[in-house]
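Subject: The structure I promised you

Hello,

Here is the structure we talked about, with my notes below it. Have a look at it first, then read on.

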Amino acid sequence: MVQIAPSILSCDFARLGEEVQAVKEGGATWLHVDVMDGHFVPNLSIGVPVVQSLRKVTDLFLDTHLMITHPQQYIEPFAKAGVDSITFHAEAEGDIAEAIALIRSFGVKAGLAVSPDTPIEQVFPYLNKVDMLLIMTIYPGFGGQKYMPEMGAKILAAAQFRQEQGLDFLIEVDGGINTSTSNIVAKSGADVLVAGSAIFGKPNYGQAMQDICTAIE
C-alpha cells in the first residue's frame, strides 16, 4: 500500500500544531519535513527548534529531508530533536557512506535523495545501505512546481534495481504529486508519495489524501 507523506512546507505555519493534527485525523501516519539552508537550494525553511516542537505535539513518523550543503553537520541535532528518518542529497558535500553511517549511529532511518539532473545510477552503490531513496520529480527548493514526467524513468530504474538486487529500501517521490500524477509514480514503483499543496491547499485534508490514493489504479 502506498504511503502519503504530507509536506508541511505547504501548511499554514501560524497554525502548525493544528495543521499537523488535522492531517493525522485525516489518516496520515507520516509527516514530511523539508529543511533548506538557503545555499544548497535558494530558499530557507524550518530548523531544529521547529522539529523539536513538532515532536512534542505529534507521534507521526517525522520524515526529514535535508536540502543543505553540509548535511553531516546537522545529522546529530536533528536526530536528537526526535526525527524518525533523515534523508540527505547525493549532490551535497561530504562522503555519502559516512553520512549514512552517522545517521544510523543515532538509531534513525537513513535516506538518500537525488535531484532531477543526477543520474539514478550514481546512487546505486549506496542503496544497500539506506532505508529509503527519495527521487525528486521537481527541482528542490520550492513547493507548488509541476511534476516532471521524464523522472518516471528514474523511478522505474530504481524499482528494477531494487528487485534485481533483492533489496528492500522504500522509494519516495517528491514533487508535483496530486490526483493526476499519483497513479503514474505508484505504478512505476513508488512506495511513499510526498504531497504538499495537493493536501494543504484543499479544504478537507483527509479527503485530499484519500483522493490521491483513490487515483491509484
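Before the strands come up, one cut-off: two strands are taken as paired if DSSP finds at least two bridges between them. Strand β1 (residues 3-6) and β8 meet that mark, since four bridges join these two strands, and they run parallel. Please keep in mind throughout that this is a predicted model.

**The chain as a whole**

The chain has eight helices and eight strands. Its C-alpha trace spans about 40 × 40 × 30 Å along the principal axes. For 217 residues, a compact globule would have a radius of gyration near 17 Å, and the 16 Å of this chain agrees with that. Of the 217 residues, 53% count as buried. If you look at contacts with a separation of 6 or more, 62% of them come from residues 24 or more positions apart.

For your electrostatics, the chain carries 13 positive and 25 negative side chains, and the centres of the two sets lie 4 Å apart. The accessible surface comes to about 9,600 Å², with 51% of this belonging to carbon and sulfur atoms.

**Strands β6, β7, β8 and β1**

Let me walk you across these strands. Strand β6 (residues 132-136) is joined to β7 by five bridges, and the two run parallel. Within this pair, L134 stands opposite E172 of β7.

Strand β7 (residues 170-174) is largely enclosed by the rest of the structure, because four of its five residues are buried. Three bridges then join β7 to β8 (residues 192-195), again in parallel. Here V173 has L193 of β8 as its bridge partner, while D174 is partnered by V194 of β8.

V194 turns up again in the pairing with β1, as the bridge partner of A5. So which residues cover the two faces of β8? V192 and V194 lie on one side and L193 and A195 on the other, and all of them are buried.

**Three residues outside these strands**

P71 sits in the loop between β3 (61-67) and α3 (72-81). Is P71 buried or exposed? Its relative accessible area is 1%, so P71 is buried. Leaving aside neighbours within four places in sequence, P71 is in contact with L66, F88, A92 and E93. The last of these, E93, is 22 residues away from P71 along the chain, yet their C-alpha atoms are separated by 7.6 Å.

F161 belongs to helix α5 (residues 152-165). With a relative accessibility of 14%, F161 also counts as buried. Not counting residues up to four places away in sequence, F161 touches F124, L127 and L167. For F161 and L127, which are 34 residues apart along the chain, the C-alpha separation is 9.2 Å.

S188 lies in helix α6 (residues 182-188), and at 11% relative accessibility S188 counts as buried. Which residues does S188 contact, once neighbours within four places in sequence are left aside? They are G152, I155, L156 and A159.

That is what I have for now. Happy to talk it through whenever suits you.

Best wishes

Methods. Residues are numbered from 1 along each chain as its sequence is written. This is a predicted model: local features need pLDDT of at least 70, side-chain atom pairs count only at pLDDT 80 or more; totals for chains, interfaces and linings use all residues. Side-chain values use heavy atoms; hydrogens and water are left out. The radius of gyration is taken over C-alpha atoms; the globule rule is 2.2 Å times the number of residues to the power 0.38. Buried means under 20% relative accessible area, exposed over 50%, partly exposed in between (1.4 Å probe, protein chains only). Contact means heavy atoms within 4.5 Å. Accessible areas come from the Shrake-Rupley method with a 1.4 Å probe; for residues, only the protein chains shown count as cover. Lys and Arg count as positive and Asp and Glu as negative; His and the chain ends are not counted. The place of a charge is taken as NZ of Lys, CZ of Arg, CG of Asp or CD of Glu.
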